[in-house]
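Colleague: Could you walk me through how the inside of this protein is packed? I am new to it.

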Amino acid sequence: MIPSMIGVHMGQKKQAKRIGSGKTALLMAAVLLLGLMSACGKSAAGVVLVGSTSVQPYAEVLAEEYHVLVPDSRVDVQGGGSATGIEAAETGTADIGMSSRNLTDAEESKLWSIEIAKDGIAIVVNPANPVTDLTLDQVRDIYAANITDWSEVGGHQGKIHLVTREEGSGTRSSFESLVMGKAEITPKAIVQASNGAVRQVVSSDPDAVGFISLGLVDETVKAIQLDDVMPTRDNILNGSYSLYRPFLFVCGAPPEGPTKEFIDFVMSAEGQRVLEDAGLITAVETPMKNP
C-alpha cells in the first residue's frame with residue numbers, strides 16, 4: 001500500500017511571516033521549507049495537478065480511480081490552461097503540469113514530461129448542418145474568414161459562426177499548429193474557455209462550427225470528415241487522420257514519491273484502460289522524455 005501524505009497548506013507561508021523569533025519561528029521555517037519542496041513528488045500536501053482544461057476531466061477521473069485503489073491518497077486537479085500548467089511545473093507551484101500541446105524546445109530542455117495519451121481534435125458542427133466533409137484547406141480558410149458562408153462549402157446559405165478556444169489553450173495551440181500554419185484565426189470568432197463550452201455553443205447553433213477534443217464528441221454535435229477521413233481512434237493510429245495532439249504530464253524534475261506513484265498508476269494497464277474508456281487513445285508503450 002502506498003503511504004498517505006500529511007497536508008501542508010499554502011496559508012502556512014503567510015502564517016510563518018507573522019511568527020516572531022525563537023523556537024516557534026524555527027518550527028514554522030521548517031514547515032515552510034517543506035511547503036516549498038513541491039517539485040514532482042516532494043510536497044507534503046499530496047499531489048497537485050494544474051493546467052490544461054482538456055486534460056483536466058480525464059485527470060479527475062484518474063484521481064478518483066486512484067483514490068479507490070489507494071484510499072489515503074490525495075490528488076488535487078485544477079485547470080488554468082496548458083501554459084499555466086507548464087509554468088506551474090517549472091516554478092514548482094504544482095507537482096504535475098498538464099499540457100495538451102507539445103512542449104517547445106526550450107521547455108523540453110528543462111522539464112521532464114510523459115505522454116499519458118493522445119487525443120484527436122474533431123471539427124464539429126450542429127447535427128442539423130448538412131455539411132459532412134471539409135478539406136484541411138477549407139477549415140483553414142473558414143477560420144481565417146476567407147470562407148464565410150456555408151454555401152461556399154456545400155451547405156445551406158447562411159453565415160458561418162466560428163467558435164474557438166482562448167489564447168493559451170492547448171487545444172487552440174494544437175489547432176493553430178496543425179491547421180492554420182501561418183494564417184491566423186479571425187478575431188471575429190467566438191471565444192470559449194473550454195471544450196465543453198465550445199460543444200455547447202455548436203450544439204445550440206445550426207450555423208456554428210468548432211473544434212473540440214475527440215473524446216468529448218457526443219450526440220449533441222456532429223464530427224465531420226477531414227479530407228474524407230473520419231476522426232476515429234484507428235484512423236489516428238494509422239496516420240490517416242492528422243488532427244491529434246498529445247496529453248502530457250510535465251514536472252520540473254524527474255518525479256519522486258507520491259507523484260511518481262500516481263504517474264506509475266496512470267501509465268499502468270489499469271490507468272491506461274481508464275483513459276481508453278474515457279475516449280482517449282493510448283499505446284502499449286508511451287515515451288518518456290527527460291531533461
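Here are a few questions and answers on cores and ring pairs.

Modeller: Happy to help: this is a predicted model, where local features need pLDDT of at least 70, side-chain atom pairs count only at pLDDT 80 or more, and totals for chains, interfaces and linings use all residues. Residues are numbered from 1 along each chain as its sequence is written, and side-chain values use heavy atoms, with hydrogens and water left out.

Colleague: Which element gives the most to the largest nonpolar core?

Modeller: A nonpolar core is a set of buried (under 20% relative accessible area, 1.4 Å probe, protein chains only) Ala, Val, Leu, Ile, Met, Phe, Trp, Tyr and Cys residues joined through side-chain atoms within 4.5 Å. The largest one has 37 residues, with I123 and V209 among those with the most contacts inside it. Elements that each supply at least two of its residues include α6 (136–143) and β8 (208–213). The top contributor, with five residues, is β4.

Colleague: How are the rings of Y66 and F265 paired: stacked or tilted?

Modeller: Rings of Phe, Tyr and Trp (its six-membered ring) pair if their centres lie within 6.5 Å; planes under 30 degrees apart count as stacked, over 60 as edge-to-face and the rest as tilted. Here the centres are 5.3 Å apart and the planes are at 40 degrees, so the pair is tilted.

Colleague: How many residues apart in sequence are the parts that Y66 and F265 tie together?

Modeller: Y66 is buried at 3% relative accessible area, and F265 is buried at 8%. Y66 lies in helix α3 and F265 in helix α10, so their pair ties together parts whose separation in sequence is 199 residues.

Key:
Buried means under 20% relative accessible area, exposed over 50%, partly exposed in between (1.4 Å probe, protein chains only). Helices (H or I, at least four residues) and strands (E, at least two) are DSSP runs, numbered from the N terminus.
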